[in-house]
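Got your viewer open and a selection box ready? Let's walk through this one stop at a time.

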Amino acid sequence: MNNINAVLNNLDLGEPLSHEGLSIFPLLRREPLARDYLTLDEALAANSAVITEISEGGSVPNLLFRNKGEQAVFLLDGDELVGAKQNRILNITILAPGMKDTVIPVSCVEAGRWSHNSPDFSTAPRTQFSASRAKRSAHVSEDIAANCQRRSDQGEVWLDISAKLDSLGSRSDTDAVESAFKDNESSLNDFVDKLQPQENQSGAVFCINGRVSGMELFDSQDTCKALMPKIIRSYALDAIDPS
């Protein structure tokens, strides 16, 4: 708790930014920190890491992350992975060590496909939409406490996706949440353009229509800048939802 207090005491609240019902209150670190790890996007782009199904047969709640580089790699809770047998999202945030294979817990966000369309996964420019991400994280935390596992309520994740597709008028033959994001890509990119990170910003409090919806906080302003567009899209999809 002392470490958490120390981090919070080193933050200032920046001037809020708003666009179409979504407001961001930047969290600015007084003493910026450099990071000594790669983001997942950076590691995959450098071919120093790969994500695959855990085996040829696959396992819905687990994937294999192979870090072939010396640096650790930061994997963000809710980050969407596309390809292989079905699209998934990460259940927890992980700092995967260098030169090591790590089994990563995931949830499915494409219920209607179980066949390879690529040998491995790539990352998407988004995370799980914020309302569903919060519920999934709560279930994962409960599973950690009760069973020392890291599984979500997969049925609830699928129900959330179905409701979101219906609410936004999107259609997917495989019940993939990516359809909702792609159908609203232009609008979501407007949010990203209007809500650019500020200098020394390491996180933010997000409000949708005047209500606090979540908080994101990173150790480094560089990590925040790299990942904030994905996170903004996740909150923005809820902000444009008419339901």
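Start by selecting S2 and S3, which are joined by 3 bridges and run antiparallel. Keep in mind along the way that this is a predicted model. For a register mark, pick serine 18: its bridge partner in S3 is serine 23. The two strands make a hairpin with 2 residues between them, and glutamate 20, in the turn, has a positive phi of about 50°.

While you're there, click on histidine 19, which sits in strand S2 (residues 17–19). Is histidine 19 buried or exposed? Its relative accessibility is 16%, so it counts as buried, the cut-off being under 20%. Show its surroundings and, leaving out residues up to four places away in sequence, you'll find that histidine 19 touches Asp190, Phe191, Lys194 and Leu195.

**Stay on S3**

Now colour the whole of S3. Of its 8 residues, 7 are buried, so S3 is largely enclosed by the rest of the structure. Add strand S1 (residues 11–13), which runs antiparallel to S3 and is joined to it by 3 bridges; leucine 11 has arginine 29 of S3 as its bridge partner. Then bring in S13, which pairs with S3 in the antiparallel sense over 7 bridges. To line those two up, select leucine 27 and its bridge partner in S13, glycine 203.

**Into the core**

Which residues have the most contacts inside the largest nonpolar core? Select Leu22, Phe206, Ile231 and Ile232: they hold that place in a core of 33 residues. Several elements supply at least two residues each, among them strand S3 (22–29), strand S13 (201–208), helix H5 (178–183) and helix H6 (185–194). The largest share, 9 residues, comes from H7.

Zoom in on isoleucine 231. Setting aside residues up to four places away in sequence, isoleucine 231 touches Leu76, Thr127, Phe206, Glu216 and Phe218. There is also a second, separate core of 19 residues, which includes Leu63, Ala84, Ile94 and Val106.

**The six-stranded sheet**

Next, switch to cartoon view and find the open sheet of 6 strands, in the order S5-S6-S11-S9-S8-S12, with antiparallel pairing. Strand S5 (49–53) and strand S12 (121–127) are at the edges; each has a single partner strand, so one side of each is left without a neighbour in the sheet. From one strand to the next, the twist averages 40°. Helix H7 packs on this sheet, touching S8 and S12, and its direction makes about 60° with that of S12.

Zoom in on S8, where 5 of 5 residues are buried. Turn on side chains here. In a regular strand they alternate between the two faces of the sheet. In S8, Asp79, Leu81 and Gly83 point one way while Glu80 and Val82 point the other, and all are buried.

On to the partners of S8. Strand S8 (residues 79–83) and strand S9 (residues 88–90) pair in the antiparallel sense over 2 bridges. Select leucine 81 with its partner in S9, arginine 88, then glutamate 80 with its partner in S9, isoleucine 89. The hairpin of S8 and S9 has 4 residues between the strands, and alanine 84 takes a positive phi near 45° there. S8 also pairs with S12, again in the antiparallel sense, over 4 bridges; glycine 83 stands opposite phenylalanine 121 in S12.

**A three-stranded sheet**

Now find another open sheet, of 3 strands in the order S4-S7-S10, with mixed pairing. Its edge strands are strand S4 (37–39) and strand S10 (94–96), each pairing on one side only. The twist here averages 30° from one strand to the next. S4 and S7 run parallel, joined by 3 bridges, and tyrosine 37 has alanine 72 in S7 as its bridge partner.

**Last stop: two helices**

Finish with helix H3 (residues 130–147) and helix H4 (residues 154–168). Their axes come within 10 Å and cross at roughly 175°, which makes H3 roughly antiparallel to H4. To see the contact, show Ser132, Lys135, Arg136 and His139 in H3, which meet Glu156, Val157 and Asp160 in H4. What kinds of residue make up the contact of H3 with H4? They divide into 1 nonpolar, 2 polar and 4 charged.

Notes: Residues numbered from 1 in each chain as written. Predicted model: local features only at pLDDT ≥ 70, side-chain atom pairs only at ≥ 80, totals over all residues. Heavy atoms only, no water. Axes fitted to C-alpha atoms, helices over the stretch in contact; angles between N-to-C directions. Parallel < 35°, antiparallel > 145°, perpendicular 65-115°, else oblique. Contact = heavy atoms within 4.5 Å. Nonpolar A, V, L, I, M, F, W, Y, C, P; charged D, E, K, R; others polar. Core = buried A, V, L, I, M, F, W, Y, C linked by side-chain atoms within 4.5 Å. Buried < 20%, exposed > 50% of the residue type's maximum accessible area, 1.4 Å probe, protein only. Pairing = 2+ DSSP bridges.
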